[in-house]
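Work through the exercises below with the structure open. Each task is followed by a solution in steps.

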Amino acid sequence: MVTVVVGAGKTGLSCIRYFRRYHPSLALRVLDSREHCPGIADIKKQYPDIPVMCGPFEPRHFADAQRVVLSPGVQHWAEKIKTWVAPTVLVTGDLDLFAEAIVGHGIATIGVTGSNGKSTVTTLVGEILRAQGEDCLVGGNLGTPALDLLPAPGGPWPRIIVLELSSFQLAITQQLPLTVATILNLSPDHIDYHGSEAAYAEAKSRIFRTAGYAVVNRDAPNLTPYIPHDIPEIRFGLSSPEKASDFGLIMDATGDTWLCQGKKRLLNANILPLSGTHNVANVLAALALVARLSPTGQIENMAGAVHGVMAFKGLPHRCQWVRTINGVPWINDSKGTNVGATEQALYGLGKSIPGKWILIAGGDGKGADFSTLLPVLRQYVKAVILFGKDKTIMESVFKTLVPCYLCATLEEAVSCAHRLSKTGEGVLLSPACASLDMFINYEARGHLFVEYVEALPEK
């Protein structure tokens with residue numbers, strides 16, 4: 001009998017390393033549906049004893065399986081594979097291996113998911129905890145895979161692990177015990193992969209299956225059906241906190257706005273290093289997650305929390321200031337890979353300049369409904385410059401509302417935005433689309449945008 005690891009990418013490699021560290025005698029087999037998988041060479045070099053098979057999956061590959069571990073990118077194979085194995089064979093993902101490994105080690109776990117902001121919040125939670133002197137590790141869908149956060153057998157365990165979790169990961173996870181969990185927000189994404197908005201939302205909601213506490217965004221009423229009623233919760237939002245345990249904003253008599261828990265002032269919103277109201281919400285969510293780790297539900301080391309928030313300047317490619325040219329700020333939000341992310345960026349940055357924004361967007365829309373962007377375009381956008389696979393689809397939705405310009409490349413789009421922009425306006429790259437039609441990933445798209453913007457002449 002053999003354990004089959006499906007997918008030879010980043011997650012698959014972490015599964016192999018986990019099995020070799022914790023279960024060195026286990027028989028393994030690695031499958032990848034790609035004929036030419038970039039991870040195969042590393043596996044063959046490091047683990048020459050492990051058989052690797054590339055190409056289309058077949059029932060015979062699973063005939064002797066005792067467990068099948070799927071990488072997130074191949075979770076759509078789960079149902080088919082279940083018909084090829086015995087009913088007693090578990091078809092699961094890396095998070096279930098992680099859950100098994102941490103049992104009995106007294107680790108507090110924080111899980112963060114959502115359509116937008118999850119990388120920022122996950123990273124910020126880690127920054128706050130470390131600034132408070134906590135022993136904490138951060139990873140999952142962001143950065144280090146969850147299994148690579150585990151120590152070597154016999155080594156010291158961290159006190160807290162913070163995980164960013166994707167819908168792909170959650171869809172194949174049977175049980176992940178989380179001390180506290182949150183869905184930050186929910187907007188249509190990966191419809192082409194999950195098949196429907198309902199299936200995508202259901203995958204996200206699995207984060208609460210075995211969570212001890214829920215942190216809930218009260219500004220996202222569409223999340224209500226997915227919040228379980230049998231676990232305690234605290235809420236955050238941009239309005240005044242409703243309960244003493246909740247997080248929100250309160251304006252004082254002088255007009256300053258404060259991040260608060262209940263009536264208790266925590267931090268002046270006017271001095272946050274992160275720009276945009278969406279980032280204010282992200283900070284509130286991070287503070288709520290940290291507070292919920294405490295038995296009192298309060299932030300016990302507020303000085304450390306403030307230091308962590310103030311030291312965090314944001315993630316690359318997420319509303320990242322690049323350059324100001326003749327009074328026009330250029331912002332890199334290449335991580336805006338879905339409609340909700342672009343909507344958040346525009347609402348968050350909309351009032352930060354005197355004029356309107358020129359939006360650069362486009363790529364692989366993943367079956368999204370772009371019409372949901374119309375209200376924010378009407379309010380804050382002067383023109384839209386479109387490139388990539390679905391640019392004509394986007395143009396058909398936007399052209400009756402704002403001028404649209406079609407470009408063949410990102411470089412051409414940057415040049416077009418430079419010609420159109422005037423002092424007091426801004427240029428925002430927030431594609432509302434995945435990048436894989438033209439780039440390796442959103443980071444590559446963002447790096448090129450920065451390169452092109454830095455090469456622009458002053459007007």
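The model is predicted.

**Exercise 1. Are helices H1 and H4 roughly parallel or oblique to each other? Describe their contact.**

Solution.
- Take the angle: H1 (residues 10-22) and H4 (residues 94-102) pack at about 30°, with their axes 10 Å apart.
- Apply the cut-off: angles under 35 degrees count as roughly parallel.
- H1 and H4 are therefore roughly parallel to each other.
- Their crossing is left-handed.
- H1 contributes Thr-11, Cys-15, Tyr-18 and Phe-19 to the contact, and H4 contributes Asp-94, Leu-97 and Ala-101.
- By class, the residues of this contact are five nonpolar, one polar and one charged.

**Exercise 2. Find the strand order of the open six-stranded sheet and the helix H15 that packs on it.**

Solution.
- The order is E15-E16-E20-E17-E18-E19, and the pairing is mixed.
- The edges are E15 (320-325) and E19 (404-406), each of which pairs on one side only.
- On average, neighbouring strands of the sheet are turned by 20° against each other, direction ignored.
- Look at one pair inside the sheet: E17 (residues 357-361) and E20 (residues 426-429) are paired in the parallel sense over four bridges.
- Ile-360 stands opposite Leu-429 in E20.
- Helix H15 (residues 442-454) packs on the sheet and touches E15, E16 (328-332), E17 and E20.
- The direction of H15 makes about 15° with that of E15.

**Exercise 3. How do helices H14 and H15 cross, and which residues meet?**

Solution.
- The axes of H14 (residues 410-420) and H15 come within 10 Å and cross at roughly 45°.
- That angle makes H14 oblique to H15.
- The crossing of H14 and H15 is right-handed.
- From H14, Leu-410, Glu-411 and Val-414 meet Arg-445, Leu-448, Phe-449, Tyr-452 and Val-453 of H15.
- Sorted by class, the contact of H14 with H15 has six nonpolar residues, no polar ones and two charged ones.

**Exercise 4. Is Asn-217 buried or exposed? Place it among its contacts.**

Solution.
- Locate the residue: Asn-217 lies in strand E10 (residues 211-217).
- Its relative accessibility is 10%, and buried means under 20%.
- Asn-217 therefore counts as buried.
- Leaving aside neighbours within four places in sequence, Asn-217 is in contact with Leu-184, Leu-223, Phe-236 and Gly-237.
- Ala-285 is 68 residues from Asn-217 along the chain, and the C-alpha atoms of the two are separated by 7.8 Å.

Technical notes
Residues numbered from 1 in each chain as written. Predicted model: local features only at pLDDT ≥ 70, side-chain atom pairs only at ≥ 80, totals over all residues. Heavy atoms only, no water. Axes fitted to C-alpha atoms, helices over the stretch in contact; angles between N-to-C directions. Helix = DSSP H or I, 4+ residues; strand = E, 2+ residues; numbered from the N terminus. Parallel < 35°, antiparallel > 145°, perpendicular 65-115°, else oblique. Left-handed = near helix turned anticlockwise from the far one by under 90°. Contact = heavy atoms within 4.5 Å. Nonpolar A, V, L, I, M, F, W, Y, C, P; charged D, E, K, R; others polar. Pairing = 2+ DSSP bridges. Buried < 20%, exposed > 50% of the residue type's maximum accessible area, 1.4 Å probe, protein only.
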